[in-house]
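I opened the notebook to go through charged contacts, internal space and strand order, and to write down what I looked up.

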Amino acid sequence: MPIDFVEVKSMEIKLVGVTKRFAKFEALSRVDLEIKDGELFTLLGPSGCGKTTTLRLIAGFYIPNEGKIYFGGNEVQDIPTSKRNIGMVFQNYALWPHMTVFKNVAYGLQFKQVPKSDWPKVVNEALNKVGLVGYESRYPGQLSGGQQQRVALARALALNPDVLLLDEPLSNLDAKIRGSVRAEIRKLQQALGITTVYVTHDQEEALTLSDRIGIMNEGKLVQVGNPHELYEKPVTKFVADFIGTNNLIDGTVKSSADGWISVETRVGMMTGRSNRDCKSGDKCTVAVRPENVHVVEASSHTGFDNVLDGKVSFVSYLGNALRYEIEHPGSLMTKVDIKDPLEHKELAWGTDVKVGFPKTAALIIPE
């Protein structure tokens, strides 16, 4: 008899109050999360934050100590992995080195009790999706890292899963190949419309791939949003610091009027906006992205709402940008990115400067 898979009305995944402990260590703490039908949702965060634990709970490798997990409205937290109809792609690919590409891709079909006569058709369709038709007789050792990753993806897709789970699938590839493979994964996911949960610690990868992202830290889900929301409207200092590069300046709210907030910092008053309630006396952080900061020599006029005096302490040429590190009084360091280095006269180390940015670019994040 074929395995009795969980029947799902849609591909929505829902976690309600999910907690996972290992002995006395709480790896996940009361996580509530909804992943929409057909979206690519990424769990992002530093090592040890709980993102892989969350993925393994969705996969059924772990059982939660508390809470419930739903696939399409059906509880699955007590249902074994083999009956959840998932496809899983691992960080290390988990390919059998002694098996050909064909046998690796067909490996899961025997457990799903697909008739052997159907294997060539199913394998060919899966390899066609990842662009590897013609590689059936090769062994993993004869393939590049990117090709091995695509074989692992084909093996997962051959099972016709309701949910696709990817655990840091590109971390073993070099930067250039990683960029091309992640584009392939995204295009394939959009074409298939399969609900996908993707785990990574690479913020660029998350921003590039995802419909939505869940930022995790110390076993908790800190913020969920699309890439634009997380980059432009982080709700905590941790998220502001983790997503992209940010200049973070601690201060105290002094006043608020017409949506603009004045903050006293150790380098002077600053004005910005906030997506949370702020009141006088609140401790806060002023966050401003390097690409929104301008730098001129000290004798020049900036014309911006927020201006800081400083000195060039480091200059680095990044090819598509020039990055300055500016040292200010009170041991504050800010970064400034010049996006058109060919049109900019480079400032020498030690040059006295002013950095300025508009109040629209300053996000006030209360503690």
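Before reading burial, I fix the terms: a residue is buried under 20% relative accessible area, exposed over 50%, and partly exposed in between. The model I am working on is predicted.

Entry 1, the pair Lys-237 and Asp-250.
I looked up how the side chains of Lys-237 and Asp-250 meet, and found a salt bridge with 3.1 Å from N to O. Lys-237 sits in helix α8, residues 237-242, and Asp-250 in strand β11, residues 247-257. The two are 13 residues apart, and the pair is one that links distant parts of the chain. I then checked exposure. Asp-250 has a relative accessible area of 37%, so I note Asp-250 as partly exposed. Lys-237 comes out at 38% and is partly exposed.

Entry 2, the pair Glu-66 and Arg-21.
I counted salt bridges in the structure and got 15. Among them is the one between Glu-66 and Arg-21, with the closest N and O atoms 2.5 Å apart. This pair joins strand β4 (residues 66-71), which holds Glu-66, to strand β1 (residues 13-22), which holds Arg-21, across 45 residues. I read a relative accessible area of 31% for Glu-66, which is partly exposed. Arg-21 reads 30% and is partly exposed.
Which residues join Arg-21 and Glu-66 in one network? I find Glu-26 and Arg-30 there, linked with them through salt bridges that share partners.

Entry 3, the pair Arg-186 and Asp-211.
I turned to Arg-186, which forms a salt bridge with Asp-211; their closest N and O atoms are 2.7 Å apart. Arg-186 belongs to helix α5 (residues 175-192), while Asp-211 lies in the loop between α6 (203-209) and β9 (212-217), 25 residues apart.
Is Arg-186 buried or exposed? I log Arg-186 as buried, because its relative accessible area is 13% and the limit for buried is under 20%. Its partner Asp-211 is partly exposed at 29%.

Entry 4, the cavity.
I searched for internal space and found one cavity of 30 Å³ or more. The volume of the largest cavity is about 40 Å³.
Which residues line the largest cavity? I list Leu-153, Leu-164, Ile-185, Leu-188, Gln-189, Leu-192 and Ile-194. Helix α5 gives the largest share of this lining, with four residues. By class, I count six nonpolar residues, one polar and no charged in the lining.

Entry 5, the sheet.
I traced an open sheet of six strands and wrote down the order β6-β7-β8-β3-β9-β10, with mixed pairing. At the edges I have β6 (86-89) and β10 (220-225), each of which pairs on one side only. With direction ignored, neighbouring strands of this sheet are turned against each other by 20 degrees on average.
In what sense do β3 and β9 pair? I noted the parallel sense, over four bridges, with β3 covering residues 40-44. For a single position I looked up Leu-43, and its bridge partner in β9 is Gly-214.

Conventions:
Residues are numbered from 1 along each chain as its sequence is written. This is a predicted model: local features need pLDDT of at least 70, side-chain atom pairs count only at pLDDT 80 or more; totals for chains, interfaces and linings use all residues. Side-chain values use heavy atoms; hydrogens and water are left out. A salt bridge is a side-chain nitrogen of Lys or Arg within 4 Å of a carboxyl oxygen of Asp or Glu. Buried means under 20% relative accessible area, exposed over 50%, partly exposed in between (1.4 Å probe, protein chains only). On a 1 Å grid over the protein atoms alone, a cavity is a set of points where a 1.4 Å probe fits but cannot get out, and a pocket is an open set with protein on both sides within 12 Å along at least five of seven lines; lining residues have an atom within 4 Å of a point. Grid points are joined across faces, edges and corners, and a volume is the space filled by probe spheres set on the points. Ala, Val, Leu, Ile, Met, Phe, Trp, Tyr, Cys and Pro count as nonpolar, Asp, Glu, Lys and Arg as charged, and the others, Gly among them, as polar. Two strands pair if DSSP finds at least two bridges between them. Axes are lines fitted to C-alpha atoms, for helices over the stretch in contact, and angles run from 0 to 180 degrees between N-to-C directions.
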